[in-house]
Amino acid sequence: MRSRTPFLPIAVVLLLAFWLTRLLALGSFPPFIDESFHVSVAEHIARTRGLFAYAGEGRIFTYWWLIPFQPFETRAAFWVARAATLLAALPGFAALLATGRLAAGRWGGALAGVLYVFSAYHLFFDRLALSDTIATAAVALGLYFAVRLARRADDRDAALAGFALFLAAGAKIGALPYLGIPLAATLTLGPRRCGWQRRARWLAVAL
């Protein structure tokens with residue numbers, strides 16, 4: 001018998017678990033060198049108003065994200081930077097839940113969320129003000145909109161997938177290989193009624 005349990009309450013509980021397990025332990029580690037560099041660069045950009053300063057570092061969107069949150073001259077600077085990074089990670093976690101649901105139903109989405117919440121690796125990195133966390137969240141969003149091609153060929157999904165992956169590469173240049181997600185989706189997904197011409201258009205919009 002098919003389960004009638006709605007997914008939204010499960011997703012809300014998992015989002016709260018994700019947020020609290022990270023937020024309550026943001027101060028568990030001393031500042032790392034990379035975090036210090038990110039906070040310092042964000043402060044420099046904010047003070048000089050040189051938006052593209054340090055663009056060569058390949059993390060410009062991460063620096064821009066941190067600027068509005070930063071009390072640069074207080075002891076809370078690193079905690080606030082970590083909280084801002086965690087805030088940016090929330091949409092990525094929500095996208096993970098939604099992708100799991102698309103791929104394997106509501107309980108597949110729930111299992112994906114539980115595994116992520118209690119993953120020691122992610123529990124560590126999600127509590128640090130690093131570009132990796134922000135880029136990963138954007139990649140997860142791009143993946144979600146690309147996976148939707150399995151059910152429909154919608155140009156809006158293509159545009160959102162491409163935009164999310166653009167944000168990922170801007171947050172950390174190391175995310176560039178994930179720009180191949182739209183191509184992989186075009187070659188492997190798509191409803192039966194969706195021909196190659198329609199898929200090519202979807203890919204063009206995403207790119």
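Me: In which helix does Arg 82 lie?

Reply: Arg 82 lies in helix α4, and since we shall be reading many such details, bear in mind from the outset that this is a predicted model.

Me: Is Arg 82 buried or exposed?

Reply: The way to decide is to compare the relative accessible area with a cut-off, under 20% being buried and over 50% exposed. Arg 82 has a relative accessibility of 3%, and therefore counts as buried.

Me: What surrounds Arg 82, leaving aside its neighbours within four places in sequence?

Reply: Its contacts beyond those neighbours include Leu 26, Gly 27, Phe 29, Pro 30, Pro 31 and Phe 32, together with Glu 35, and also Arg 127, Leu 128 and Ala 129. With Glu 35 there is in addition a polar contact between the two side chains, at 2.7 Å.

Me: How should I read the way α2 and α4 are placed, and at what angle do their axes cross?

Reply: For a pair of helices one looks at the approach of the axes and at the angle between them; here the axes of α2 and α4, the latter covering residues 77-117, come within 11 Å and cross at roughly 90°. Angles of 65 to 115 degrees count as roughly perpendicular, so α2 and α4 are described as roughly perpendicular to each other. On the α2 side the contact is made by Glu 35, Ser 36 and Val 39, and on the α4 side by Phe 78, Ala 81 and Arg 82.

Me: Turning to the interior, which residues of the largest nonpolar core touch the most other members?

Reply: The general idea is that nonpolar side chains tend to be buried together in soluble globular proteins. In this model the largest nonpolar core has 22 residues, of which Ile 45 and Trp 202 touch the most other members. Two or more residues come from each of α2 (33-48), α3 (60-66), α6 (131-147), α7 (155-171), α8 (181-188) and α9 (196-206), and α6 gives the most, with five residues. There is also a second, separate core of 12 residues, among them Ala 11, Leu 14, Phe 18 and Leu 86.

Me: What does Trp 202 touch, not counting residues up to four places away in sequence?

Reply: On that basis Trp 202 touches Phe 145, Ala 146, Leu 149, Ala 153, Asp 154, Asp 155, Asp 157 and Ala 158, and it further touches Pro 182, Ala 185 and Thr 186.

Me: How many of the residues of α6 are buried?

Reply: In α6, 13 of the 17 residues are buried, so this helix is largely enclosed by the rest of the structure. From its first C-alpha to its last, α6 reaches 24 Å, close to the 24 Å expected at 1.5 Å a residue. Ser 131 lies in this helix and is buried, with a relative accessible area of 1%. The side chain of Ser 131 makes a polar contact of 3.2 Å with the side chain of Arg 59, and among the other residues in contact with Ser 131 are His 38, Thr 62, Ala 171 and Lys 172.

Me: Against which helices do the buried residues of α7 pack?

Reply: They pack against α3, α6, α8 and α9, and they include Asp 155, Asp 157, Ala 158, Ala 161 and Leu 165. Ala 159, which is also found in α7, is by contrast partly exposed, with a relative accessible area of 37%. At the start of the helix, a side-chain oxygen of Asp 154 reaches to within 2.7 Å of the backbone nitrogen of Arg 156. As for length, the 17 residues of α7 should span 24 Å at 1.5 Å a residue, and the end C-alpha atoms are 24 Å apart, which agrees.

Me: And in the loops, what is the phi of Tyr 54?

Reply: The general expectation is that most residues other than glycine have a negative phi. Tyr 54, however, has a phi near 65°, a positive value in a residue other than glycine. Tyr 54 lies in the loop between α2 and α3 and is partly exposed, with a relative accessible area of 36%.

Me: Where is Gly 195 placed?

Reply: Gly 195 is in the loop between α8 and α9, and is partly exposed at a relative accessible area of 36%. Gly 195 and Ala 153 are 42 residues apart in sequence, while their C-alpha atoms are 9.8 Å apart in space.

Terms used:
Residues numbered from 1 in each chain as written. Predicted model: local features only at pLDDT ≥ 70, side-chain atom pairs only at ≥ 80, totals over all residues. Heavy atoms only, no water. Core = buried A, V, L, I, M, F, W, Y, C linked by side-chain atoms within 4.5 Å. Buried < 20%, exposed > 50% of the residue type's maximum accessible area, 1.4 Å probe, protein only. Helix = DSSP H or I, 4+ residues; strand = E, 2+ residues; numbered from the N terminus. Contact = heavy atoms within 4.5 Å. Expected span 1.5 Å × (residues − 1). Polar contact = N/O pair within 3.5 Å; in protein donor to acceptor, adjacent residues only side chain to side chain. Axes fitted to C-alpha atoms, helices over the stretch in contact; angles between N-to-C directions. Parallel < 35°, antiparallel > 145°, perpendicular 65-115°, else oblique.
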